[in-house]
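Colleague: I have a model open and I'd like to learn how to read it. Could you walk me through it?

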Amino acid sequence: MRPILYHKLGSFELWFLSDGEIWLDGGAMFGVVPRVLWTKLVVPDEQNRVRLGMNPLLLRMGERYALVETGIDRKPGEKFRHIYGLGETHPILGQLALLGLEPSDISLVIHTHLHFDHAGLNTLWVDGKLRPTFPKARHLVQKQELEDALHPHERSRASYLPENIEPILEQFETVEGEQEVWPGLRVVPVPGHTLGMQAVEIHSEGQRFAYTADLIPTMAHAPLPYIMAYDLYPMTTLETRKRMYERWLEGHYLLGFTHEPGHPLGRLVRSEKGYRAEPVY
C-alpha cells in the first residue's frame, strides 16, 4: 500500500491517503484502446486485470478538515473482496489515526461521484446497524449525481450501492454546477463517467490544484482516446476532457489522480503526439 503523501498548497494542506488497491479488467479500463497499446503503459495479471490505487484526499484549511472521497465499500463480503482483490480492513481509517484524527473530526466530505469504489466508507456496520462513518460531516455532491444514484438503471445499478447512500441521506447537501465550497476550494462538473461527476479544485496564494476524479483515473489515461468502458457517456467524457485539459494546462494546475497506483500527484503535458501526464515529486 502506498504511504501517505503530504503536499502544501498555499493556505491548504493536502494528504493523499490510500484505501489500498483494486484490480479491474484492463480492457474495461482502457475501452477501445487495443491491448497491444495499453500494455505498454501498465502490466496486467494472468486474469487481464490491472492494479489501481484508491487515493482519497484529506484537506486542511485552518482548523477545518475535508475528505474528498471515502474509499471502497468492503461491506458486501468475502466474494466481493476476492473479485476486486481487496483486503478486509479500511486503511484510510488507520491513516487518519496516524495523523491524529478521528472520523468525527471531518466536517466535510466531497464526493466526486457515488460509485462503490469512491463512496464506500460513507457507512460502517456497527452493532448490526449501518452507521455514518463521518457523523459530523456534510456530504457534498452534485444534485444530478445523487438523483442518479437513488434511481439507477440497468447499467449503473451495480455501481451505486444503497447501503452507502440511503442511511446518510440527511447528511447530503447538493449543488448544481461549479461552486465555491470554502474560500479557494471549489467543485467543478466533469460529466462523462457519470452525468453528475465533479472534480475538486483549489486556488490558493497563486497555486492551483485539481483532483480529477474518474475523468483521468490514472496517468496512463491522460491521452484523449484512453477512456474507460465504464464511462456511461464516453463522448461526453471526450468533450469534457478537451475543455478541462485547456483549463488545467493554461492555469498550470497540479493534478491528483484518484486511481493512480503509484505517485498520485502530476501535471498534464501537451506535445505533438497529444497529451500525457507526468508525476511531480
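**Pockets, helices and odd backbone angles**

Modeller: Sure, and keep in mind that this is a predicted model. Let's start with empty space. The largest pocket has a volume of about 360 Å³.

Colleague: How do you spot empty space at all, and which residues lie nearest the centre of the largest pocket?

Modeller: Rolling a probe the size of a water molecule over the atoms shows where empty space is left. Here, 21 residues line the largest pocket, and those nearest its centre are Leu24, His115, Phe116, Ser159 and Tyr230.

Colleague: Which element gives the largest share of that lining?

Modeller: Strand S3 does, with three residues. S3 covers 21–25, and both it and helix H3 (78–84) supply at least two lining residues each. By class, the lining splits into nine nonpolar, seven polar and five charged residues.

Colleague: What about the second largest pocket: what is its volume, and which residues line it closest to the centre?

Modeller: Its volume is about 190 Å³. The second largest pocket has 14 lining residues, with Leu41, Val42, Thr218, Met219 and Ala220 nearest its centre. Strand S4 (residues 49–53) provides the largest share, three residues. The lining of this second pocket has 10 nonpolar residues, plus two polar and two charged.

Colleague: On to helices. How do I read which side of one faces inward?

Modeller: An α-helix has 3.6 residues a turn, so residues three or four places apart point the same way. Try helix H4 (residues 91–98), where Pro91, Ile92, Gln95 and Leu96 are buried. Looking down the axis of H4, you find those buried residues within an arc of 140 degrees, so they line one face of the helix.

Colleague: What do the buried residues of H4 pack against?

Modeller: Strand S5 (57–61). And just after H4, look at Gly100, which takes a positive phi of about 80 degrees.

Colleague: How far does helix H6 reach from its first C-alpha to its last?

Modeller: H6 (residues 234–250) has 17 residues and spans 24 Å, close to the 24 Å expected at 1.5 Å a residue. Its buried residues are Thr237, Leu238, Thr240, Arg241, Met244, Tyr245, Trp248 and Leu249. Down the axis of H6 they fall within an arc of 165 degrees, so here too the buried residues line one face of the helix. On the other side of H6, Met235 and Glu250 are exposed.

Colleague: Which strands cover the buried residues of H6?

Modeller: The cover includes S13 (185–189), S14 (198–204), S15 (207–211), S16 (254–256), S17 (265–271) and S18 (274–279). Just after H6 comes His252, with a positive phi of about 55 degrees.

Colleague: What's the general idea with phi, then?

Modeller: Most residues other than glycine have a negative phi, and most peptide bonds are trans. Now take Glu205: its phi is positive, about 50 degrees, although Glu205 is not a glycine. You'll find Glu205 in the loop between S14 and S15.

Colleague: Is Glu205 buried or exposed?

Modeller: Exposed, because its relative accessibility is 64% and the cut-off for exposed is over 50%.

Colleague: And where is Ala213?

Modeller: Ala213 sits in the loop between S15 and H6. Ala213 isn't a glycine either, yet has a positive phi of about 55 degrees. At 0% relative accessibility, Ala213 counts as buried.

Methods. Residues are numbered from 1 along each chain as its sequence is written. This is a predicted model: local features need pLDDT of at least 70, side-chain atom pairs count only at pLDDT 80 or more; totals for chains, interfaces and linings use all residues. Side-chain values use heavy atoms; hydrogens and water are left out. On a 1 Å grid over the protein atoms alone, a cavity is a set of points where a 1.4 Å probe fits but cannot get out, and a pocket is an open set with protein on both sides within 12 Å along at least five of seven lines; lining residues have an atom within 4 Å of a point. Grid points are joined across faces, edges and corners, and a volume is the space filled by probe spheres set on the points. Helices (H or I, at least four residues) and strands (E, at least two) are DSSP runs, numbered from the N terminus. Ala, Val, Leu, Ile, Met, Phe, Trp, Tyr, Cys and Pro count as nonpolar, Asp, Glu, Lys and Arg as charged, and the others, Gly among them, as polar. Buried means under 20% relative accessible area, exposed over 50%, partly exposed in between (1.4 Å probe, protein chains only). The arc is that of the directions from the helix axis to the C-beta atoms. Contact means heavy atoms within 4.5 Å. The expected span of a helix is 1.5 Å times one less than its number of residues.
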